[in-house]
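Reader: Please present the structure, and then let us discuss its helix packing and its aromatic pairs.

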Amino acid sequence: MPVKAILVGLIGLTLLIYWPVRQAGFVYEDAVYLEPAQRPLGWAQLLAPRGLTLLSFRVQWLHGGSDPRAHHAVNLFLHLLCGLLVYAISVRILSPPAALLASALFLVHPIQSEPVAYLAGGRAELIAAVGILGTVWALSAPHLTWGLLGVAGVSAVVAVGGKELGVLALPLAALYACWFRPWRWSWRVTGGVLLGLFTFGSLLGGVFQARILGNLYLAMTERGVVAYAALQSVALWQYLAMVVWPVWQTVDHDIELATRGLTLLTLTLTLTLVPLLFWARRRWPVISFGIAWLLLSLAPRFIVRQAEYLNEHQVYVAFMGVWIALAASVQSMTRWLTHRYTVEDPCVESVSPS
């Protein structure tokens, strides 16, 4: 079956799965996030991190924004766009069937559903995801052009306009380059790298100035660095367990109820992933890339101590690495079984290479 037909089928399956969302209303903190959109926006709001998210709410409010169905429709459209970008990135490092598997997991797995169904936390995450994935797609092209560099720049701005952690767009693109791209330095590559570093530095400085420095909310935790990272690890491994058994989902969690033994175990497992991915890089490059993507995407949440711990919508982009790693594992296992069957089955005639 052609790849395009399968992608269309995945889109249809995703629409079918999310069909009940059309009946959902505003819940939890939705009213808090939508309230500023009911007033005209100033330049300071638009140019700040999440300005694009606020603008999207404002535009929708001016066109019947009191109807939650329209907001859910936009979230679902952004989710579908992200799923297609996941395929576009994955197919460069995986076979088409494996890339389709990664995209399918991203689109339909329950742990990816919170940004789609939860408007307040979801819209910012989805816009940032479009920007991050667009940046990585543009910069992971086999041959960089000025047009692709322009797409990457616009996508990076979109990422930060969606959410503060959109600044990860360029580091994640650099991660891809470090893992897969055979660098051949030229004036074009040098200019692109310098432009990327300047853009990332400017965005990072703006985000820290606007949202992090002096933000009392981010300082509302008495946990030390190690204790905080340990509790974040509990949340992370709980979500990784949901990959196999997707239960316990909610919009908030009381992670601090975790026992000391569990926090130490999960922190040890998280730290073990770092040397493991470097060890596996040569043998299983795509699998290790998926793990590295997961860790880099979540690194700021382990470093900047906030009053809350990981929620499902906050692992939306990070779990693309999980789906790529799983798809690569299935691809490797399939190839190994095929090779073993071909070699060991006496009924299969060996064919000498031409």
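Author: The crossing of α1 and α5 is right-handed, a crossing being right-handed if the near helix is turned clockwise from the far one by less than a right angle, and left-handed if anticlockwise. This is a predicted model, in which local features need pLDDT of at least 70, side-chain atom pairs count only at pLDDT 80 or more, and totals for chains, interfaces and linings use all residues. Residues are numbered from 1 along each chain as its sequence is written, and side-chain values use heavy atoms, without hydrogens and water.

Reader: Which residues of α5 make the contact with α1?

Author: Contact means heavy atoms within 4.5 Å. From α1, the participants are Val3, Leu7, Ile11, Thr14 and Leu15. On the side of α5, they are Leu76, His79, Leu80, Leu84 and Tyr87.

Reader: How many aromatic pairs are there?

Author: Rings of Phe, Tyr and Trp (its six-membered ring) pair if their centres lie within 6.5 Å; planes under 30 degrees apart count as stacked, over 60 as edge-to-face and the rest as tilted. By this rule, the count is nine.

Reader: Is the pair of Tyr176 and Phe289 stacked, tilted or edge-to-face?

Author: The ring centres of Tyr176 and Phe289 are 5.8 Å apart. Their planes stand at 90°, so the pair is edge-to-face.

Reader: Which helices hold Tyr176 and Phe289?

Author: The pair ties together parts that are 113 residues apart in sequence, because Tyr176 and Phe289 lie in helix α10 (residues 169–180) and helix α14 (residues 285–303), respectively.

Reader: Which residues form one aromatic cluster?

Author: The cluster has four members to name. They are Tyr176, Phe180, Phe289 and Trp293.

Note on methods:
Helices (H or I, at least four residues) and strands (E, at least two) are DSSP runs, numbered from the N terminus.
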